[in-house]
Amino acid sequence: MEGVEPYDYKFVKWMIKEKKLAAIPITAFCGAESTKQFEKYIRLCFIKNDSTLDAAEAILKDWNKDSSV
């Protein structure tokens, strides 16, 4: 799998660019042998200011309303 970017990395990059919402790909914490097992997960950080969490909530609630997807 060397040279192939795991799905979680691709998804997080897309989410940052298209939805303006950041996350951490779980495979950043995994070895090559477990990448396939964890590449469908992302990690969100909730230790933020209330205003940041409110903005993230709005993005997630409007996720399917966005016609650019």
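These exercises, with worked solutions, go through a predicted model of one protein chain.

**Exercise 1. The overall layout**

Find how many helices and strands the chain has, and what pattern they follow along the sequence.

Solution.
- Step 1. Count the elements. The chain has three helices and two strands.
- Step 2. Read them in sequence order. The pattern is α-β-α-β-α.
- Step 3. Take the dimensions. The C-alpha trace spans about 40 × 30 × 15 Å along its principal axes.
- Step 4. Check burial. Of the 69 residues, 22% count as buried.
- Step 5. Look at the range of contacts. Take those between residues at least 6 apart in sequence: 47% of them join residues at least 24 apart.

**Exercise 2. The aromatic rings**

Determine how many aromatic pairs the structure holds, and classify the pair formed by F11 and W63.

Solution.
- Step 1. Count the pairs. There are four.
- Step 2. Recall what is needed. A pair of aromatic rings is described by the distance of the centres and the angle of the planes.
- Step 3. Apply this to F11 and W63. Their centres are 6.3 Å apart, and their planes are at 35°.
- Step 4. Use the cut-offs. Planes under 30 degrees apart would be stacked, and those over 60 edge-to-face. The F11 and W63 pair is therefore tilted, at 35°.
- Step 5. Place the partners. F11 is in helix 1 (residues 7-19), while W63 is in the segment after helix 3 (50-61), so the pair ties together parts 52 residues apart in sequence.
- Step 6. Compare exposure. F11 is partly exposed, at 23% relative accessibility. W63 is buried, at 19%.
- Step 7. Widen the view. Ring pairs join Y7, F11, W14 and W63 into a cluster.

**Exercise 3. Two lysines over rings**

Work out which rings K19 and K40 lie over, and decide for each lysine whether it is buried or exposed.

Solution.
- Step 1. Start with K19. This residue lies in helix 1.
- Step 2. Find its ring. K19 lies over the face of W63, 4.9 Å from the ring centre.
- Step 3. Look for a further link to W63. A polar atom of the K19 side chain lies 3.1 Å from the backbone oxygen of W63.
- Step 4. Check burial. K19 has a relative accessible area of 7%, so K19 is buried.
- Step 5. Turn to K40. This residue is in the loop between helix 2 (35-38) and strand 2 (42-43).
- Step 6. Find its ring. The charged end of K40 sits over Y7, 4.4 Å from the ring centre.
- Step 7. Check burial again. K40 is exposed, at 61% relative accessibility.
- Step 8. Add a backbone distance. The C-alpha atoms of K40 and K10 are 11 Å apart, with their positions 30 residues apart along the chain.

**Exercise 4. The nonpolar core**

Identify the residues of the largest nonpolar core, then trace the contacts of M15 and A23.

Solution.
- Step 1. Recall the trend. In soluble globular proteins, nonpolar side chains tend to be buried together.
- Step 2. List the members. The largest core has six residues: V12, M15, L21, A23, A56 and W63.
- Step 3. Follow M15. Beyond its neighbours within four places in sequence, M15 contacts K20, L21, A22, A23, I42 and W63.
- Step 4. Follow A23. With the same neighbours set aside, A23 contacts V12, M15, I42, R43 and L44.
- Step 5. Locate A23. This residue is in the loop between helix 1 and strand 1, and is buried at 13% relative accessibility.
- Step 6. Contrast K20. This residue lies in the loop between helix 1 and strand 1 (24-25), but is exposed at 63%.
- Step 7. Inspect the K20 backbone. Its phi is near 60°, a positive value in a residue other than glycine.

**Exercise 5. The cysteines**

Explain why C30 forms no bond with C45.

Solution.
- Step 1. Take the distance. The C30 sulfur is 18 Å from that of C45, the closest cysteine sulfur.
- Step 2. Apply the cut-off. A disulfide needs sulfur atoms within 2.5 Å, so 18 Å is too far for a bond.
- Step 3. Do the same from the other side. C45 is in no disulfide, and its nearest cysteine sulfur is that of C30.
- Step 4. Give the count. There are zero disulfides.
- Step 5. Check exposure. C30 is partly exposed, at 23% relative accessibility. C45 is also partly exposed, at 41%.

Methods. Residues are numbered from 1 along each chain as its sequence is written. This is a predicted model: local features need pLDDT of at least 70, side-chain atom pairs count only at pLDDT 80 or more; totals for chains, interfaces and linings use all residues. Side-chain values use heavy atoms; hydrogens and water are left out. Rings of Phe, Tyr and Trp (its six-membered ring) pair if their centres lie within 6.5 Å; planes under 30 degrees apart count as stacked, over 60 as edge-to-face and the rest as tilted. Helices (H or I, at least four residues) and strands (E, at least two) are DSSP runs, numbered from the N terminus. Buried means under 20% relative accessible area, exposed over 50%, partly exposed in between (1.4 Å probe, protein chains only). A charge sits over a ring if NZ of Lys or CZ of Arg is within 6 Å of the ring centre and within 35 degrees of the ring normal. A nonpolar core is a set of buried Ala, Val, Leu, Ile, Met, Phe, Trp, Tyr and Cys residues joined through side-chain atoms within 4.5 Å. Contact means heavy atoms within 4.5 Å. A polar contact is a pair of N or O atoms within 3.5 Å; within protein, one must be able to donate a hydrogen and the other to accept it, and residues adjacent in sequence count only if both atoms are side-chain atoms.
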